[in-house]
Amino acid sequence: MIVVMKEGAPKEQIDQVIEHIEQWGLRSHVIEGTELTVVAAIGEKRDGAKEALEILEGVEKVVPILAPYKMASTEVKKDPTVVEVRGLRIGGGHLGVIAGPCSVESREQILEVAHIVKEAGAAGLRGGAFKPRTSPYSFQGLKEKGLELLAEAREATGLAIVTEIMAKEQIDLVSRYADVLQVGARNMQNYPLLEAVGESPLPVLLKRGPSATMDEFLLAAEYILKTGNPRVILCERGIRTFEDHTRFTLPLASVPYLHQHTHLPVVVDPSHGTGKASLVATMARAAVAAGADGLMVEMHPNPDKALSDGYQSLTPAGFRQMMAECRKIARVLEMRM
Ligand code: PEP
Ligand code: MN
């Protein structure tokens, strides 16, 4: 339920509403708008709660939250959430670009990429140190060494570091080096992991599971929000369909759909979304045109030699061109990039 307070309702009246909500074992969440204050009551429906709240002083009206996700819903918060860390701004008219290799492979590789990414105008550096690989025989990432190299690249460029965590036990370690914790597609429904990153002070980039519906995706984000971390970035990275001309199918209608249903910012990953380097730049442009708040793109100085996902990685020249093209579209849409 959302309790909409009357204009100018004093703090005591708001506190009284919170007290009632919490006495039913529900969580309260106060959102101060420019004109009105609303208090969201989150949890299982309680008989009689709506009626009891409606008669409290200072209450304008009580409306149910229809979406299954509550804190993520635009019903609770209309103004877009902007996630900002170092120079990376995602949301609210800012198009944040996160780019880099699939995996951190060596000091030379990540430093070279970081400088290219920075010069081309991206604000975030991606690179996996803990890699979720389909085969246990594939390269699994440099682990802590990879994190150290990412931190060195941050030191050299000022880019915000976005890197994946696969297990709760890795959070402390990864948080010492990263600016944004990435929860990968395979872990979108790993609820203990979602709750663990919900306790982190770092923003979380949550990738859509390849078979997750929009409601499942938003409910996964809800776990993080509910645990106490409001800085969640959603990432559409493609879903599995019958189609096999691309690695995944990249459904860009999810961008405007998500913008209608959630205040959280939406980033698109056209690299995993297509799995083909030749398709990445066009889909990045399409994502910007669809209103994405950011892009996550794989780029490698030498894609043929990459230890993971080389076939979907842009070359430095390809990346620069993609950035120039996306910038033109962003300008038309009055997005800062
Ligand atoms: C990645 O970003 O390299 C990655 C593994 O992505 P996803 O979780 O979307 O497969
Ligand atoms: Mn990858």
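The following questions and answers examine a predicted model and the criteria behind its description.

Residues are numbered from 1 along each chain as its sequence is written, and chains are lettered from A and ligands numbered from 1 in the order in which they are written. In this predicted model local features need pLDDT of at least 70, side-chain atom pairs count only at pLDDT 80 or more, and totals for chains, interfaces and linings use all residues, while side-chain values use heavy atoms, with hydrogens and water left out.

Q: What makes Cys102, His272, Glu298 and Asp309 donor residues of the manganese ion (ligand 2)?
A: Donors are N, O and S atoms within 2.8 Å of the metal (3.2 Å for Na, K and Ca); water is not among the atoms, so sites may look incomplete. Cys102 (SG), His272 (NE2), Glu298 (OE) and Asp309 (OD) coordinate the manganese ion (ligand 2) at 2.0 to 2.4 Å, and therefore meet the cut-off for donors.

Q: How are the donor residues of the manganese ion (ligand 2) spaced in sequence?
A: Their spacing is C-x169-H-x25-E-x10-D. Among them, His272 in helix H9 (residues 270-274) and Glu298 in strand S14 (residues 294-298) are 26 residues apart and link distant parts of the chain. Helices (H or I, at least four residues) and strands (E, at least two) are DSSP runs, numbered from the N terminus.

Q: Why is Glu298 called buried?
A: Buried means under 20% relative accessible area, exposed over 50%, and partly exposed in between (1.4 Å probe, protein chains only). Glu298 has a relative accessible area of 0%, so Glu298 is classed as buried. His272 is buried as well.

Q: Which residues are in contact with Glu298, leaving aside its neighbours within four places in sequence?
A: Contact means heavy atoms within 4.5 Å. On that criterion Glu298 is in contact with Gly100, Cys102, Arg126, Ser271, His272, Asp309, Gln312, Ser313 and Leu314.

Q: Why does Leu88 count as buried?
A: The relative accessibility of Leu88 is 1%, so this residue of strand S6 (residues 88-90) falls under the limit for burial. Not counting residues up to four places away in sequence, Leu88 touches Val83, Gly96, Val97, Ile98, Ala123, Gly124, Ala160 and Val162. The C-alpha atoms of Leu88 and Gly158 are separated by 9.9 Å, although the two are 70 residues apart along the chain.

Q: How do you know that the buried residues of H1 line one face of the helix?
A: In H1, the buried residues are Gln13, Ile14, Val17, Ile18, His20 and Ile21. Seen down the axis of H1, they fall within an arc of 160°, so they line one face; the arc is that of the directions from the helix axis to the C-beta atoms. The face turned away from the buried side of H1 carries the exposed residues Lys11, Glu12, Glu19 and Gln23. Among the elements against which the buried residues of H1 pack are strand S1 (2-5) and helix H2 (49-54).

Q: What span is expected for helix H1, and what span does H1 reach?
A: The expected span of a helix is 1.5 Å times one less than its number of residues. Helix H1 (residues 11-23) has 13 residues and reaches 18 Å from its first C-alpha to its last, close to the 18 Å expected. H11 has 17 residues and reaches 25 Å, close to an expected 24 Å.

Q: What makes the phi of Arg86 notable?
A: Most residues other than glycine have a negative phi. Phi of Arg86 is near 50°, a positive value in a residue other than glycine. Arg86 lies in the loop between strand S5 (83-85) and S6.

Q: Why do Arg86 and Lys143 count as partly exposed?
A: Arg86 has 47% relative accessibility and Lys143 has 39%, so both values lie in the range between buried and exposed. Lys143 lies in the loop between strand S8 (124-126) and helix H4 (144-157), and its phi is near 55°, again a positive value.

Q: Which residues of H10 are buried, and what covers them?
A: The buried residues of H10 are Val280, Ala281, Ala284, Ala287 and Val288. Their cover includes strand S13 (266-268), H9, S14 and helix H11 (316-332).
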